[in-house]
Amino acid sequence: MTEQSAQSDQAPILEVSRLSTAYGERQVLSDISLDVAKGEIFVIMGESGSGKTTLLRHLIGLSQPQSGSIELLGKPLTNLSKTELYDLRKRIGVAFQGGALINSMNVIDNVELPLRQHTNLDTNTIRIMSRMKLDMMSLEGAEELMPAQLSGGMLKRAGLARAVVMDPHVLFFDEPSAGLDPVTSAELDELIMGLRDALRMTVVVVTHELESALKIADRILVIADGRIAGLGTVEEIMRSEVESIQALLNRRTRERKRTGEEYLDQLTNNAN
Amino acid sequence: MIGSLGASVSSLGQRTLAGVEELGRMGLFMLLALRQLASRPFEFRMLLQQIRFVGSRSVVVISVAGAFVGMVVALQFYDTLVRFGSVSLLGSAVGLSLIRELGPVLTALIIIGRAGSATCAEIGIMRSDNQIDALESMAIDPYRYLIVPRLLAFLITVPLLTAIFNVIGILGGWLVGVVIFGLSQGAYFQSMADSVLLPDLLMGFVKSVAFSVIIVWICTGKSFLMHLNRSMVFGAEGVSRVTTDAVVAASIAVLFSDYIISALML
């Protein structure tokens with residue numbers, strides 16, 4: 001390996017510097033900085049409403065920040081033309097919560113869509129490549145089903161098959177375990193780790209599922225109220241004394257413990 | 001009192017601003033869609049699907065509506081013309097009414113109710129379900145992939161459906177005037193041929209094209225941009241609301257532009 005290729009291998013795949021954004025007067029993200037190394041599984045965690053999905057939208061170029069910069073695969077996301085942005089997007093895959101399959105197309109047509117749009121491969125080759133990805137997701141036999149006929153887990157796996165059909169350099173996941181039972185969730189975790197190992201992808205996962213995050217992450221970013229609460233390896237996050245991280249880890253409520261009488265009073269007052 | 005008056009004025013101002021904002025977004029939406037007309041790859045399969053959905057699946061309802069409208073127009077005109085001894089002008093009256101006015105307008109209103117609302121709901125669900133974001137993330141321009149085929153499908157099918165409406169309507173009028181009331185067939189069609197001229201056909205055609213653009217613009221634009229509407233909610237309620245708004249807005253826009261085109265071309 002030459003020095004140049006060694007250096008490019010060490011360069012972060014994704015680099016965010018002091019990103020801030022707001023919706024109207026509401027500050028959603030403040031001063032977010034992170035970097036993701038090639039081949040790592042990077043998990044962005046936080047409670048609902050912490051800003052993690054907003055951050056994901058910025059990382060894949062669906063939203064523009066108020067300030068700060070994002071560099072993905074060596075390209076600055078904030079200054080790209082539409083053509084350059086689309087060229088960059090052909091090198092990433094995004095698995096949305098719920099799959100986001102196109103309703104009017106069956107599973108195999110959904111998975112084939114990026115290949116049909118962006119390659120000159122013949123129909124047979126596209127079909128073989130798509131079937132291979134569906135087999136990886138244990139969806140053999142589901143090719144002709146419509147999205148409405150799929151279970152929640154199958155929708156996510158079909159969405160994932162579509163996201164990886166072009167063998168992307170970076171794979172983004174939005175809440176992969178949301179709405180799934182523990183068994184299916186565990187299977188999906190294994191799939192994510194398998195994808196990183198087999199296809200040498202860099203994976204960025206946005207989740208609020210603690211068990212999943214601790215299992216798959218190389219590093220974790222914890223967001224609270226739109227700010228970074230912690231960033232580090234699983235062990236570093238587990239040892240953190242930051243209150244919001246501890247609350248996330250221990251699933252503590254923020255309210256003080258109430259007596260039974262106080263609780264009854266509160267219920268009665270709310271009813272009145 | 002001053003406080004509540006101030007609040008009312010403020011609310012009116014906010015609503016006006018929101019309306020102007022939406023108008024601007026819709027204008028930009030149309031420009032972005034038109035810009036993609038020449039983009040490649042062209043979604044020919046999607047276009048055929050949309051032509052089938054908007055066009056061929058509307059033929060029956062358009063034909064039925066055309067037949068009954070033609071019959072009722074002939075009935076109403078016959079009742080009036082017979083008092084003036086001008087029953088021979090029935091063909092002319094039916095033809096001009098349908099071709100200039102009723103054909104384009106009623107076809108547009110039926111298409112809004114059938115295909116416009118379904119298209120709006122479909123795109124609204126796609127927006128609500130992140131499918132449009134998924135297209136963007138796959139580097140597929142949603143204007144080129146979703147909007148352009150629908151724009152072309154409406155542009156092609158609505159004038160054709162209007163023509164079908166007119167022809168069936170004229171036959172409906174024939175049924176009432178000639179078969180039921182015993183008017184001479186020759187008189188019916190000759191008076192129509194004498195009075196329906198090229199400017200009348202042009203007016204009907206211009207209206208049908210204009211209405212097709214209005215329908216697809218409003219019905220796709222409203223749902224495509226629903227996520228930018230500050231008061232919008234997602235999910236079933238949001239899609240339902242935006243579809244209702246689109247149907248009402250498109251219907252009013254069709255009637256308004258009908259008057260404008262008529263005033264300009266008469």
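Strand 1 and strand 2 of chain A run antiparallel and are joined by 7 bridges; helices (H or I, at least four residues) and strands (E, at least two) are DSSP runs numbered from the N terminus, and two strands pair if DSSP finds at least two bridges between them. This is a predicted model, in which local features need pLDDT of at least 70, side-chain atom pairs count only at pLDDT 80 or more, and totals for chains, interfaces and linings use all residues. Residues are numbered from 1 along each chain as its sequence is written, while chains are lettered from A and ligands numbered from 1 in the order in which they are written.

**The sheet of chain A**

Within the pairing of strand 1 and strand 2 of chain A, A:T21 stands opposite A:L29 in strand 2. The two strands form a hairpin with 2 residues between them, and A:G24 in the turn has a positive phi of about 65 degrees. Strand 2 of chain A also holds A:D31, whose phi is near 55 degrees, a positive value in a residue other than glycine. That is worth a look, because most residues other than glycine have a negative phi.

Which order do the strands of the open sheet in chain A take? The sheet has 4 strands in the order 2-1-4-5, with antiparallel pairing. Strand 2 (26-36) and strand 5 (75-76) of chain A are the edge strands, each pairing on one side only.

Strand 1 (residues 14-23) of chain A pairs with strand 4 (residues 67-72) of chain A in the antiparallel sense over 5 bridges. Follow strand 4 and you will find A:S67 as the bridge partner of A:S20, and A:I70 as the bridge partner of A:V16. Strand 4 of chain A then pairs with strand 5 of chain A, again antiparallel, over 2 bridges, and here A:E71 stands opposite A:P76 in strand 5. The hairpin of strand 4 and strand 5 of chain A has 2 residues between the strands, and A:L73 takes a positive phi near 55 degrees there.

**The two chains side by side**

| Chain | Helices and strands | Box of C-alpha atoms along the principal axes |
|---|---|---|
| Chain A | 11 helices and 10 strands | roughly 70 × 50 × 35 Å |
| Chain B | 9 helices and 0 strands | roughly 65 × 60 × 30 Å |

Chain A has 11 helices and 10 strands. Its radius of gyration is 21 Å, close to the 19 Å that the globule rule gives for 272 residues, so chain A is as compact as a globular protein of that length. The radius is taken over C-alpha atoms, and the rule is 2.2 Å times the number of residues to the power 0.38.

**Helices of chain B**

Read along the sequence, chain B follows the pattern α-α-α-α-α-α-α-α-α. In the loop between helix 1 (2-35) and helix 2 (44-54) of chain B sits B:P41, and the peptide bond from B:R40 to B:P41 is cis, with omega near 0 degrees.

How do helix 3 and helix 4 of chain B pack? Helix 3 (residues 59-81) and helix 4 (residues 90-128) of chain B meet at an angle of about 145 degrees, with their axes 10 Å apart. Axes are lines fitted to C-alpha atoms, for helices over the stretch in contact, and angles run from 0 to 180 degrees between N-to-C directions. Residues are in contact if their C-beta atoms, placed from the backbone, lie within 7 Å. The contact includes B:V61, B:F77 and B:L81 of helix 3 of chain B, and B:L90, B:S97 and B:R114 are among those of helix 4 of chain B. By class, this contact has 16 nonpolar, 3 polar and 1 charged residues. Here Ala, Val, Leu, Ile, Met, Phe, Trp, Tyr, Cys and Pro count as nonpolar, Asp, Glu, Lys and Arg as charged, and the others, Gly among them, as polar.

**Where the chains meet**

The contact between the chains takes 15 residues from chain A and 12 residues from chain B. Helix 3 (82-89) and helix 4 (107-118) of chain A each supply at least two residues of the side of chain A that touches chain B. Helix 4 of chain A gives the most to that side, with 4 residues.

**Confidence**

The mean pLDDT (the predictor's confidence in each residue, from 0 to 100) of chain A is 87, and 92% of its residues reach 70 or more. Confidence in chain A is lowest in helix 1 (residues 3-10), at a mean of 51, and highest in helix 4, at 96.

Definitions and conventions. Two residues are in contact if their C-beta atoms, placed from the backbone, lie within 7 Å.
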